[in-house]
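Let's take a walk through a protein model together. Have a look at the sequence and the structure first, and then we'll go from place to place.

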Amino acid sequence: MPRRKMFLLGIQILLLTLCSSLSQGAPPADTIPSPSADPQIAAALKNISAQRIQQTIEKLVSFQSRHTLSSDQPASTGKGINAAAEWIKSEFESYSKACGGCLEVKTDEFTQEPGNRVPSPTKLTNVYAILRGSDPANASRIVLVTGHYDSRNSETNDATGASPGANDDGSGTAVSMECARVLSQYKFPATIIFLTVAGEEQGLYGSAHFAKLAKTQNWNIEAVLNNDIVGGDKTPGATTQDPRTVRVFSEGIPMSATETELKLIRSLGGENDGASRQLARYIASVSKEYLPARDFHPLVVFRRDRYLRGVDHTSFNEQGFAAVRFTEYRENYNHQHQNVRTENGVEYGDLPKFVDYNYVANVARLNAATLASLASAPAPPAKVRILTKALVNDSTLVWEASPGGLATGYLVLWRDTGAPDWERSQAFGNVTQATVPMSKDNVIFAVQATDAKGHRSLPVVPAPER
Ligand SMILES: [Zn+2]
């Protein structure tokens with residue numbers, strides 16, 4: 001046979017093989033395909049403004065102290081936490097005005113009974129805005145961003161001394177507010193809540209109250225993004241700061257796991273696959289889609305929080321919600337929980353001049369991209385299980401369709417048990433069962449709902465079904 005004919009025959013055989021493999025349904029396993037960025041989300045991120053964030057932080061600092069115990073000072077004095085709460089509320093209201101009343105602006109006000117760092121009954125106010133989902137079948141799904149607007153200085157209970165709290169946590173408060181300002185210009189099928197809480201410095205009281213409220217009222221919160229100390233401290237000479245990196249802390253084994261769930265985690269090696277860890281991986285994948293890694297990227301830390309520290313996301317973890325904490329790469333302890341002063345030529349205090357506003361804007365972009373991606377995506381598939389009765393080397397996963405009707409397909413993801421992030425995937429159509437030629441004993445699986453535009457839900461790791 002002439003060479004040319006042989007070549008053509010070879011092509012024909014290749015095409016036939018390709019066609020027959022495609023006609024069998026699922027395409028072959030691939031590395032995780034990178035979805036094309038949603039143009040609406042990309043456009044929204046361009047509106048995040050470092051300048052607006054700076055104005056917000058400077059305004060928060062102007063209240064001199066936002067100490068939780070200053071709540072006996074009337075807002076009319078223009079000082080203290082009540083004045084700050086009123087201002088945050090009025091800002092949310094102005095964003096709402098700019099979108100034709102699209103935000104519901106609310107307060108969650110309660111009296112905190114005396115306890116650790118709260119000597120007498122104290123009024124606490126969480127301030128939040130709701131951007132209700134535009135799709136009635138998905139509006140009950142919620143993603144939430146939060147920061148704490150209370151502040152403190154060297155003395156835990158100094159209610160009136162200067163506590164600028166520019167970085168801790170004016171920065172996180174500004175992230176939540178900037179996400180509200182920008183994302184309220186768009187519509188998303190699911191609901192986004194922009195929260196700012198009080199009481200963090202006294203013992204996570206505000207977030208604990210809000211998370212309990214959400215749990216009691218059966219809110220379907222899919223993800224909580226907590227931002228605390230995201231100012232990217234830029235003290236001159238602090239050479240170990242990395243202005244391109246934000247840490248994302250997440251718990252591995254859920255605080256809320258029951259004894260039965262813990263048994264399953266121990267027996268199957270599920271230590272690294274709690275819902276909060278899936279959220280952290282999701283944030284890393286969103287970052288790759290929307291932010292050039294050379295400029296800015298998350299460092300996913302497989303730890304609930306910094307050593308022996310706890311912040312507001314743990315209040316949500318306790319109630320069983322997936323929640324992570326964003327924080328700057330390197331903290332400067334001279335500029336948090338310090339009285340403003342200079343000692344031996346060293347400046348102490350949490351002042352605006354140490355905040356890197358471009359850095360906070362990047363953190364806000366990553367938060368906004370994650371909120372918008374999740375609020376645009378289908379709900380995660382329900383009741384994901386892996387069949388374990390038959391002793392076979394293939395793995396069959398079954399699930400209930402993603403509720404809300406947005407899903408047009410599913411991705412089965414997997415990775416080696418020792419790998420930190422998802423490595424491979426296989427796409428399936430609008431089905432509720434899939435078999436992949438991999439042994440469930442060798443890898444960790446998850447299922448993700450997808451839509452035609454490339455939005456993806458949070459991945460769900462299957463439970464075993466006998
Ligand atoms: Zn803080």
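## A valine in a strand

V384 is found in strand β12 (residues 382-387); helices (H or I, at least four residues) and strands (E, at least two) are DSSP runs, numbered from the N terminus. Before we go on, you should know that this is a predicted model, where local features need pLDDT of at least 70, side-chain atom pairs count only at pLDDT 80 or more, and totals for chains, interfaces and linings use all residues. Residues are numbered from 1 along each chain as its sequence is written, and side-chain values use heavy atoms, with hydrogens and water left out.

Is V384 buried or exposed? At 6% relative accessibility it counts as buried, where buried means under 20% relative accessible area, exposed over 50% and partly exposed in between (1.4 Å probe, protein chains only). Leaving out residues up to four places away in sequence, V384 touches V398, W399, V447, V460, V461, P462 and A463; a contact here means heavy atoms within 4.5 Å. Take V447: it sits 63 residues from V384 in sequence, but 7.3 Å away in space, C-alpha to C-alpha.

Now try N220, in strand β6. N220 is partly exposed, with a relative accessible area of 37%. Beyond its neighbours within four places in sequence, N220 is in contact with S140, R141 and I142. N220 and A284 are 64 residues apart in sequence and 23 Å apart in space, C-alpha to C-alpha.

## The zinc ion

Which residues hold the protein donors of the zinc ion? They are H148 (NE2), D168 (OD) and D228, which is listed with OD twice, and the donors lie 2.0 to 2.6 Å from the ion. Donors are N, O and S atoms within 2.8 Å of the metal (3.2 Å for Na, K and Ca), and since water is not among the atoms, sites may look incomplete. The angles among the four donor atoms run from 53 to 144°, and the site is irregular. For comparison, four donors count as tetrahedral if all angles lie between 85 and 135 degrees; four count as square planar and six as octahedral if opposite donors are over 155 degrees apart and all others between 65 and 115; anything else is irregular.

Along the chain, the donor residues follow the spacing H-x19-D-x59-D. Distant parts of the chain are linked here: H148 belongs to strand β4 (residues 141-148), while D228, 80 residues apart from it, is in the loop between β6 (220-227) and β7 (245-250). H148 is buried, at 0% relative accessibility, and D228 is buried too, at 1%.

There's an oddity at D168: the peptide bond from D168 to D169 is cis, with omega near 0°. D169 is found in helix α5.

## Helices, inside and out

S176 also has its place in helix α5. It is buried, with a relative accessible area of 0%, and its side chain reaches the backbone oxygen of L195 at 2.9 Å. Among the residues that S176 touches are V145, T146 and G147.

Over in helix α2 (residues 39-46), I41, A44 and L45 are buried. Seen down the axis, the buried residues fall within an arc of 100°, so they line one face of the helix; the arc is that of the directions from the helix axis to the C-beta atoms. They pack against α5 (166-183), α9 (275-290) and α11 (357-376). P39 and K46, on the other side of α2, are exposed.

What about helix α8 (residues 259-268)? Of its ten residues, the number buried is one, so it lies largely in the open.

## Two unusual asparagines

Most residues other than glycine have a negative phi, and most peptide bonds are trans. Here are two residues with a positive phi that are not glycines.

| Residue | Phi | Loop | Relative accessible area |
|---|---|---|---|
| N218 | about 60° | between α7 (205-216) and β6 | 67%, exposed |
| N344 | about 50° | between β10 (341-343) and β11 (346-348) | 81%, exposed |

## How far to trust it

The protein averages a pLDDT of 93, and 93% of the residues score at least 70; pLDDT is the predictor's confidence in each residue, from 0 to 100. Over residues 11-27, though, pLDDT stays under 50, and the model has six contacts beyond four places in sequence for them. Where pLDDT is low, the predicted coordinates should not be read in detail.

Key:
Polar contact = N/O pair within 3.5 Å; in protein donor to acceptor, adjacent residues only side chain to side chain.
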